[in-house]
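Visitor: Before we walk through this structure, I would like to hear the reasoning behind each label and not just the label. Could you set each value against its rule as we go?

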Amino acid sequence: MKRVIPLWIAVIAGFGILFSSFIPVAERAGEMFADIFSVIAAIAFILGALSLAKQHLGKLSRREAGWGYSIITFGTFIAMLFIGMSKIGIHPNTQYPQAPYSGGNDTEGSAFMWMYEYVMTPLTSTMFALLAFFVASAAFRAFRAKNTEAVLLLITAFIILLGRTFAGVLLTGWLPDWASGLRLENLSVYVMQVFNTAGSRAIMIGIALGVAATGLRILFGLDRSWLGGGDA
Amino acid sequence: MSRQRKTWLVIGAIFLALLVVRGMTGQGLGRIYVQRSEVTATMPGAGDGTKAAAPGTNPTVPGQGAGSKDAKVVAAAGETVVWAEWKEVPPRAFAAAQQANPSQSAITLSWPRTIGLWLAAFFTLAVFSFLYADNPFYKVAEATVVGVSAAYWGVIGFWDTLVPKMFGALTPGLVKSMVQPSLVDPVMSQKISMALALILGVMMLWRLMPKGGWISAWPLAFIVGVTAGLKIVSHIESDLMAQAQATMKPLIVTVAGSGGATDLWASLWASVANIILVTGVICCLVYFFFSVEHKGAIGGAARVGIWFLMITFGAAFGYTVMGRIALLAARVEFLFDDWLWLIDPNHFRSSGL
């Protein structure tokens with residue numbers, strides 16, 4: 001029963017959504033399932049947050065290595081949660097001044113936006129920016145023009161990188177008008193519009209077929225690996 | 001003292017010295033100015049008296065308290081309430097206001113935002129410090145981003161989804177009075193579905209309990225089923241059908257020139273582009289088709305497909321690197337422009353300071 005009921009829930013919910021796209025009568029059922037799905041997904045965020053808190057509290061109580069950083073994680077988590085839930089410093093929406101919590105969390109000057117703007121954004125964007133160094137370093141070490149495929153990849157990367165910067169314009173700007181198609185900025189456009197479109201289109205078609213096949217396998221109960229314990 | 005610690009000390013000393021020199025020369029650094037404005041709103045309901053709250057008497061300060069809520073509670077129907085808001089302005093606006101009236105108070109230094117700016121600069125440098133080696137500053141930044149991000153998405157999920165959808169259906173009166181007066185009264189089917197969602201949500205939270213983990217499999221099954229159903233439809237519609245349709249292009253194209261006659265070169269290029277595009281898609285799909293051995297004509301087509309895929313990966317790599325470098329440039333611009341005031345590409349300070 002621990003496996004059969006979840007299997008039937010998945011089958012009914014999945015086919016409900018699937019049929020709602022094709023059968024007008026099932027539209028309402030599809031909307032209802034989608035609404036329930038969005039609420040459960042939101043609760044999943046809360047589950048994730050609670051799980052994080054539980055893990056770090058456990059680490060703290062056991063005084064594991066790095067427990068000091070767990071204090072920071074847990075402290076910033078609680079601070080942000082409290083600020084966001086209580087909407088500190090957020091005025092009501094001018095349309096509904098009678099509702100004290102009608103203002104949005106994105107109000108300029110609110111404590112939540114302060115945390116978002118001055119803590120979360122700099123941290124996340126700098127972490128992504130840091131990848132520029134690691135991508136460049138990894139590429140320098142890994143890229144070798146050993147065969148045709150590697151040469152194609154390298155040349156394309158150079159064309160795209162140079163074609164979208166001033167360096168590309170400077171390098172091939174001397175080419176006469178009749179050969180302007182060979183200028184790097186134009187070449188990068190051709191590569192993106194023709195070759196890249198062809199490759200990415202095929203990848204998208206492949207992904208769509210794969211997703212549809214996997215989805216149908218789940219809905220027909222052929223793939224039960226998500227229940228745990230293998231496909232059986 | 002270890003060599004690493006010595007290096008850190010030297011870097012820190014140089015950094016501090018630069019900050020001090022920068023603070024003492026030129027026009028300063030790292031400040032945010034705000035302009036006060038008043039927002040008025042009329043409480044709905046009967047009543048004809050308009051009683052404006054005197055500016056400055058309302059204790060609401062964005063980011064410093066929830067005084068606005070008090071204002072709303074005490075105000076009667078029909079009354080006009082006023083509260084203050086502070087909008088960020090460029091430093092040159094402050095300079096201009098000071099020049100016009102040295103005792104003005106409309107544009108002032110915002111301490112909370114200025115502290116925030118310095119904190120953002122600290123976090124930016126803390127993350128960049130990882131380029132040297134893993135260190136406590138980076139670990140602090142890492143721990144902070146985990147805590148803040150988890151809470152951020154929890155808060156967004158609560159206010160943007162749970163409150164309007166779930167609480168709006170189950171406790172419409174409370175949501176109407178506190179959050180969303182425009183809420184449409186839910187029908188019975190909405191109430192039932194949201195009650196079901198609440199039950200499944202609670203079952204999902206059961207995962208945190210030491211026993212009865214199987215209970216959370218029911219909501220998980222619902223998520224798996226709905227995701228499968230949604231993805232089948234959306235991927236077939238937007239990826240498979242739309243992309244296949246977009247690939248069905250004419251292989252011979254005629255482009256009209258300025259005089260109405262056929263532009264030979266443009267037509268030739270458009271035809272070649274379409275032929276390359278269609279051939280590329282077919283060859284890539286042949287490469288993905290593993291049910292037939294890649295030999296002979298199929299093998300040749302698959303090899304051409306690999307070339308197209310390599311070009312695609314090269315373009316994707318180039319774009320990824322460019323995106324990261326753009327982010328890096330934005331962070332460096334933040335440090336040198338917003339924080340240190342060493343550059344002024346947007347002319348935020350150039351006119352006055």
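Guide: Let us begin with the word contact, which here means heavy atoms within 4.5 Å. The model is a predicted one. Under that rule, and leaving aside neighbours within four places in sequence, S129(B) is in contact with W8(B), N135(B), F137(B) and Y138(B).

Visitor: Where does S129(B) lie, and why is S129(B) called buried or exposed?

Guide: S129(B) lies in the loop between α4 and α5 of chain B. The relative accessible area of S129(B) is 10%, and buried means under 20%, so S129(B) is called buried.

Visitor: What makes the pair S129(B) and N135(B) a polar contact?

Guide: The side chains of S129(B) and N135(B) are joined at 3.0 Å, and the rule asks for a pair of N or O atoms within 3.5 Å, one able to donate a hydrogen and the other to accept it. The pair therefore counts as a polar contact.

Visitor: How do you know whether G116(B) is buried or exposed?

Guide: G116(B), which lies in helix α4 (residues 111-128) of chain B, has a relative accessibility of 0%. Since buried means under 20%, G116(B) counts as buried. Leaving aside neighbours within four places in sequence, G116(B) is in contact with W114(A) and Y118(A). Within chain B, the C-alpha atoms of G116(B) and G30(B) are separated by 9.9 Å, although the two residues are 86 residues apart along the chain.

Visitor: What makes R36(B) and E38(B) a salt bridge, and why is R36(B) given its accessibility class?

Guide: The N to O distance between the side chains of R36(B) and E38(B) is 3.7 Å, and the rule requires a side-chain nitrogen of Lys or Arg within 4 Å of a carboxyl oxygen of Asp or Glu, so the pair is a salt bridge. R36(B) has a relative accessible area of 30% and E38(B) has a relative accessibility of 40%; partly exposed is the class between under 20% and over 50%, and therefore R36(B) and E38(B) are both called partly exposed.

Visitor: Which distances put K176(B) with D185(B), and K295(B) with E293(B), in salt bridges?

Guide: The side chains of K176(B) and D185(B) meet at 3.0 Å, N to O, and those of K295(B) and E293(B) meet at 3.4 Å, N to O; with the limit set at within 4 Å, each pair is a salt bridge. K176(B), with a relative accessible area of 27%, is partly exposed, whereas K295(B) and E293(B) are exposed. Salt bridges that share partners also join E108(A), E85(B), K87(B) and R113(B) into one network. Over all chains, the structure holds 12 salt bridges.

Visitor: What makes E108(A) and K87(B) a salt bridge, and how many does the rule find across the interface of chain B and chain A?

Guide: The side chains of E108(A) and K87(B) meet at 3.9 Å, N to O, and because the rule accepts a nitrogen within 4 Å of the oxygen, the pair qualifies as a salt bridge. Across the interface of chain B and chain A, the rule finds four salt bridges, and 19 residue pairs are in polar contact, both residues at pLDDT 80 or more. On the side of chain B that touches chain A, helix α5 (residues 136-170) gives the most, with 27 residues. By class, that side of chain B has 89 nonpolar, 29 polar and 16 charged residues.

Visitor: Why is an interface described by an area?

Guide: The size of an interface is often given as the accessible area lost when the parts come together. For chain B and chain A the area buried is about 11,500 Å², and carbon and sulfur atoms give 81% of it. Counted by residues, 134 of chain B are in contact with 118 of chain A.

Visitor: How do you know how the radius of gyration of chain A stands against that of a compact globule?

Guide: A compact globule of 232 residues would have a radius of gyration near 17 Å, but chain A has 27 Å. Chain A has seven helices and zero strands, and buried residues make up 42% of its 232 residues.

Key
Residues are numbered from 1 along each chain as its sequence is written. Chains are lettered from A and ligands numbered from 1 in the order in which they are written. This is a predicted model: local features need pLDDT of at least 70, side-chain atom pairs count only at pLDDT 80 or more; totals for chains, interfaces and linings use all residues. Side-chain values use heavy atoms; hydrogens and water are left out. Buried area is the accessible area (1.4 Å probe) that two parts lose on being put together, summed over both. Helices (H or I, at least four residues) and strands (E, at least two) are DSSP runs, numbered from the N terminus. Ala, Val, Leu, Ile, Met, Phe, Trp, Tyr, Cys and Pro count as nonpolar, Asp, Glu, Lys and Arg as charged, and the others, Gly among them, as polar. The radius of gyration is taken over C-alpha atoms; the globule rule is 2.2 Å times the number of residues to the power 0.38. Buried means under 20% relative accessible area, exposed over 50%, partly exposed in between (1.4 Å probe, protein chains only).
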